[in-house]
Amino acid sequence: MNALSSEGQKDALAQIAPELLEKPKGETGPKELPPLPGAEDGKVVGRLAPYPSGPLHIGNARAFVLNDAYVKRYGGKLILAFDDTIGSEEKPVLPEAYDQVKEGLDWLGITYHDIVYKSDRIPTHYEWAEKLLELDAAYACTCDAETLRKNREAGRACEHRVQDADETIAMWKAMLDGEYEEGGAVLRLKTDMQDPNPAFRDRVLFRVSNRDHPRVGTRYHVWPMLEFSWAVDDHLLGVTHVIRGKDLVIEDQMETRLWDLFQVQPRPAFVHFGILRFKDLELSKSRYRREIAEGRLTGIDDPRTWSLQSLRRRGLRPAALRDFVLDFGLSLNDIEVAAETLYAENRKLVDEHANRYFFVPEPVTLEIHGLPPTEAAHPPLHPDFPGRGRRTVPVGPKFHVAKEDFERFRGQEVRLKDFCNVVLDHRATFVSLENKDIPKVQWVSHGGVQTHVVMPTGFESHGLAEPEVASLKVDDVVQFERVGFARIDHVSHAEVRAYFAHR
RNA sequence: GCUCCGGUAGUCUAGUGGCCAAGGAUAGAAGCCUCUCGAGCUUCUGACACGGGUUCAAAUCCCGUCCGGAGCACCA
């Protein structure tokens, strides 16, 4: 029965005991997401709003996967809207990041139907800003950031708030004409400086920046803030559902306030989810960018960045990541999960496909005395699928076992897996061939291939793999027995490099 | 400090007043199986933060307390 493929097993089961298949196991696949409020079939419009400062990482994946999952469930369209306003000194837009983001989305299997760039829409944002000026709902302010912060804290209005609308219009023109220095003026919404929520007191809508933008250069001196640009674009793009982290709830209020002023309908529904953290991981695109530049990380797919590219390189399946995030649903809880949970998801997907091979890290060489003449051992490619065939691991005269195993079992009888039992030492003694219930270790004899396994920590494990590893292909995901799953990254005549996924 | 949002087993999550003596996943333990420390199978451990209400009935509704998080950037 186990010899059958999982499909074959299902077919067989369907004949013997169909009722067993009826029961939804609950463990297969992610559970269903809750319905999306107000969603109509075929009419959901969602949007992805990446900020192109680097490749997407595992922490960004949640919002993207959720949006994609809902759009697929209800039918509709998903807009990839690069949120590439001018950003900040510490967090600049990077020209290469646009493609890096798309690469990550493609790998994740996210289907977007349209691409728009915030940086193309700045004139539109200006138009809508001017509507606000006509309503006298905003004012230009030249207080510096520090004063602004203090006033906000104290609930105190500055003199700009009460200036004439004409004055503001003149200042706005001056802002647009580039007459202010970087940070020299802002346009603020008149909410209420006494608003109980200090975060909501006359928020900034536009600011001055003269920095260079990779797509539009220095054409614009005035850039919209996220909430203003989205209030305009969510409306103009016909977005029906905004699904985002709860760290952005105040943006809901801002967008709503602006829509009230603009008197626009209909409005998207807001859906939030809680903050997701990874145990022992601090994800930061800007830090990784710096460390790559300093050469401390090998590139955007260095496993330490946890970028989607790096997960791909390790051989993780996008479906594992999707299931993993979807399992959190829309819960507003702030959660902290261990990467192990993702690995468990991936292991389920990868195990039956990953053929088994011996890899011996930090090899220790030994000779075996009394060994009967033997050409090779023939372990199965996969213990659960004998039909897949066997490997050939040549034998003698010298053997290599992992240093860790050698030190742990020295002087004891162990089994060179799928071959024979020996008392382990530099001069080992052959005991017998039959399979015994003693510790098994992986081993390599002659013809071993120099193999390097890049671990998630960046550490490289060097060792020898059995000869057949040299005929693997890039992208093959294998299991090195007793070590773990890895993706073959590079194969040359004498060397193999693999990226470790997980145990 | 202010505003908002949360608190179900170690970690995630299901649960929207009776079907919950709380389900699933993951982690952990034991056993079986297996020539891997993988997979599979079986069993077990383990939770409604606390205190008050409302109700015939509360994990589910209300109030308070405690704890956690986010926002209070001219970042997104």
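**Close-up views of the predicted model**

**Figure 1. The end of helix α9.** Just after α9, Q263 adopts a positive phi of about 55°. The structure shown here and in the figures that follow is a predicted model. Helix α9 comprises 14 residues, from 249 to 262. At 1.5 Å a residue, this helix should span 20 Å, and its end C-alpha atoms are indeed 20 Å apart, so the expected and computed values agree. Which residues of α9 are buried? They are I250, E251, D252, M254, E255, L258, W259 and F262. An α-helix has 3.6 residues a turn, so residues three or four places apart point the same way.

**Figure 2. A salt-bridge network that includes D252 and E255.** Salt bridges link R47, D234, R244, D252 and E255 in a network. Two members of this network, D252 and E255, are among the buried residues of α9. In total, the structure holds 44 salt bridges.

**Figure 3. The salt bridge between D202 and R161.** The closest N and O atoms of D202 and R161 are 2.8 Å apart, and the two residues form a salt bridge. This pair joins distant parts of the chain, the two residues being 41 residues apart. D202 is in the loop between β5 (186–189) and β6 (204–208), while R161 is in the loop between α6 (145–154) and α7 (165–176). Are D202 and R161 buried or exposed? Both residues are buried.

**Figure 4. Two salt bridges with partly exposed acidic residues.** D301 and R313 meet through their side chains in a salt bridge, at 3.2 Å from N to O. The pair links distant parts of the chain, 12 residues apart: D301 is in the loop between α10 (285–293) and α11 (308–313), and R313 is in helix α11. D301 has a relative accessible area of 22% and therefore counts as partly exposed, since buried residues have values under 20%. In a further salt bridge, the closest N and O atoms of E294 and R296 are 3.1 Å apart. E294 is also partly exposed, because its relative accessible area of 46% is not over 50%.

**Figure 5. The surroundings of V71.** V71 is located in helix α3 (residues 61–74). Why is V71 counted as buried? Its relative accessibility is 5%, and a residue counts as buried when the value is under 20%. Apart from neighbours within four places in sequence, V71 is in contact with V44, G46, G76, K77, L78 and H113. V454 is 383 residues from V71 in sequence, and their C-alpha atoms are 37 Å apart in space.

**Figure 6. The protein surface near RNA strand B.** Of the 57 residues around RNA strand B, those that come nearest are T85, K91, R207, D384 and R482. Of the atoms of RNA strand B that come within 4 Å of the protein, 70% belong to sugar and phosphate. The residues of this surface comprise 20 nonpolar, 9 polar and 28 charged. At least two of its residues come from each of α6, β6, β11 (335–337) and α13 (339–350), and α6 gives the most, with 4 residues.

**Figure 7. Individual contacts with RNA strand B.** Which parts of RNA strand B lie beside P196, R356 and D384? A backbone N or O atom of P196 is 2.5 Å from a sugar or linking oxygen of the strand. The other two contacts involve bases and side chains. A polar side-chain atom of R356 is 2.7 Å from a base oxygen, and a side-chain N or O atom of D384 is 2.4 Å from a base nitrogen.

Conventions
Residues numbered from 1 in each chain as written. Chains lettered and ligands numbered in written order. Predicted model: local features only at pLDDT ≥ 70, side-chain atom pairs only at ≥ 80, totals over all residues. Heavy atoms only, no water. Expected span 1.5 Å × (residues − 1). Buried < 20%, exposed > 50% of the residue type's maximum accessible area, 1.4 Å probe, protein only. Salt bridge = Lys/Arg side-chain N within 4 Å of Asp/Glu carboxyl O. Contact = heavy atoms within 4.5 Å. Near = heavy atom within 4 Å. Polar contact = N/O pair within 3.5 Å; in protein donor to acceptor, adjacent residues only side chain to side chain. Nonpolar A, V, L, I, M, F, W, Y, C, P; charged D, E, K, R; others polar.
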